[in-house]
Amino acid sequence: GTFDEMLLENVCQLGYRTVFWSFAYADWDNSKQICKETALKKILDNIHNGEVILLHPTSETNAAIMSNLIKALKEEGFRFGNLDELCNS
C-alpha cells in the first residue's frame, strides 16, 4: 500500500498498470483477530461496485468467513471478476 510518484512513473514506463485495493481492514495481525460476525459486517457494510478487497491469507477469521462472504455478495447481486475485467470496463 506504500507508493510514491517515482514508483508509479517507473511502473508505467515498464508497461505495467498499478492496481490498489479499495477496502482493507486490520486482518494481518494474527494475535488480534476480530470475531467472524464483526469481520463479515465490516466488509459488507463497506462494499461497492468495482471494489478490490484486500484480505490477508494468514487470517483465520478471513478463512472462516470466506464462504459466507461470497454467498452474501452474490445474493446482493455482485459478481466476481479478474483485474483485467475491472481495468478494462
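In helix H3 of this predicted model, the buried residues are Thr61, Asn62, Ile65, Leu69, Ala72 and Leu73. These buried residues of H3 pack against helix H2, which comprises residues 36-45. The helix H3 itself covers residues 60-75, and its 16 residues, at 1.5 Å a residue, should span 22 Å; the C-alpha atoms at its ends are 24 Å apart, which agrees with that expectation. The axis of H3 is nevertheless bent, by about 50° at Met66.

The two ends of H3 may be considered next. At the N-terminal end, Ser59 acts as a cap, with a side-chain oxygen placed 3.3 Å from the backbone nitrogen of Thr61. Beyond the helix, H3 is followed by Gly77, which has a positive phi near 95°.

The capping residue merits a closer description. Ser59 belongs to the loop between S2 and H3. Its relative accessible area is 2%, and because buried means under 20%, Ser59 counts as buried. The side chain of Ser59 also forms a polar contact with the side chain of Gln33, at 2.6 Å. Leaving aside residues up to four places away in sequence, Ser59 touches Asp27, Asn30 and Gln33.

Thr61, whose backbone nitrogen faces the Ser59 cap, lies in helix H3. With a relative accessible area of 7%, Thr61 is buried. Its contacts, again without residues up to four places away in sequence, are Tyr25, Gln33, Ile34, Cys35, Lys36 and Ala39. Gln33 is thus touched by Thr61 and also by Ser59. Glu60, likewise in helix H3, presents another case: its relative accessibility is 68%, so Glu60 counts as exposed, the limit being over 50%. In space, the C-alpha atom of Glu60 lies 36 Å from that of Asn10, and the two residues are 50 apart in sequence.

The partner helix, H2, has Ala39, Leu40 and Ile43 as buried residues. Viewed down the axis of H2, these buried residues fall within an arc of 95°, so they line one face of the helix. Glu37, Lys41 and Asp45, on the other side of H2, are exposed. The buried residues of H2 pack against S1, against strand S2 (53-54) and against H3. Ala39 illustrates the arrangement: when residues up to four places away in sequence are not counted, Ala39 touches Tyr25, Ile34, Thr61 and Ile65.

These contacts lead to the interior of the model. In soluble globular proteins, nonpolar side chains tend to be buried together. Here the largest nonpolar core consists of nine residues, namely Phe23, Tyr25, Ala39, Leu40, Ile43, Ile47, Ile65, Leu69 and Leu73. The elements that contribute two or more residues to this core are H2 and H3. Among the core members, Ala39, Leu40 and Ile43 are the buried residues of H2, while Ile65, Leu69 and Leu73 are among the buried residues of H3.

Attention may now turn to the N-terminal part of the chain. Asp4 caps the N-terminal end of H1, where one of its side-chain oxygens lies 3.2 Å from the backbone nitrogen of Met6. Just after H1, Gly15 adopts a positive phi of about 90°. A positive phi is therefore found after H1, at Gly15, and after H3, at Gly77.

Between helix H1 (5-13) and strand S1 (23-24) there is a loop that contains Phe20. Phe20 has a relative accessible area of 37% and is partly exposed, because this value lies between the limits of 20% and 50%. Phe20 touches Phe3, Leu8 and Val52, with residues up to four places away in sequence not counted. From Phe20 to Lys42 the separation is 22 residues in sequence and 19 Å in space, taken from C-alpha to C-alpha.

The final region follows H3. Arg79 is located in the loop between H3 and helix H4, the latter formed by residues 83-87. With a relative accessibility of 62%, Arg79 counts as exposed. Its C-alpha atom is separated by 9.7 Å from that of Gly50, a residue 29 positions away along the chain.

Notes. Residues are numbered from 1 along each chain as its sequence is written. This is a predicted model: local features need pLDDT of at least 70, side-chain atom pairs count only at pLDDT 80 or more; totals for chains, interfaces and linings use all residues. Side-chain values use heavy atoms; hydrogens and water are left out. Helices (H or I, at least four residues) and strands (E, at least two) are DSSP runs, numbered from the N terminus. The expected span of a helix is 1.5 Å times one less than its number of residues. The bend at a residue is the angle between axes fitted to the seven residues ending there and the seven starting there. Buried means under 20% relative accessible area, exposed over 50%, partly exposed in between (1.4 Å probe, protein chains only). Contact means heavy atoms within 4.5 Å. A polar contact is a pair of N or O atoms within 3.5 Å; within protein, one must be able to donate a hydrogen and the other to accept it, and residues adjacent in sequence count only if both atoms are side-chain atoms. A nonpolar core is a set of buried Ala, Val, Leu, Ile, Met, Phe, Trp, Tyr and Cys residues joined through side-chain atoms within 4.5 Å. The arc is that of the directions from the helix axis to the C-beta atoms.
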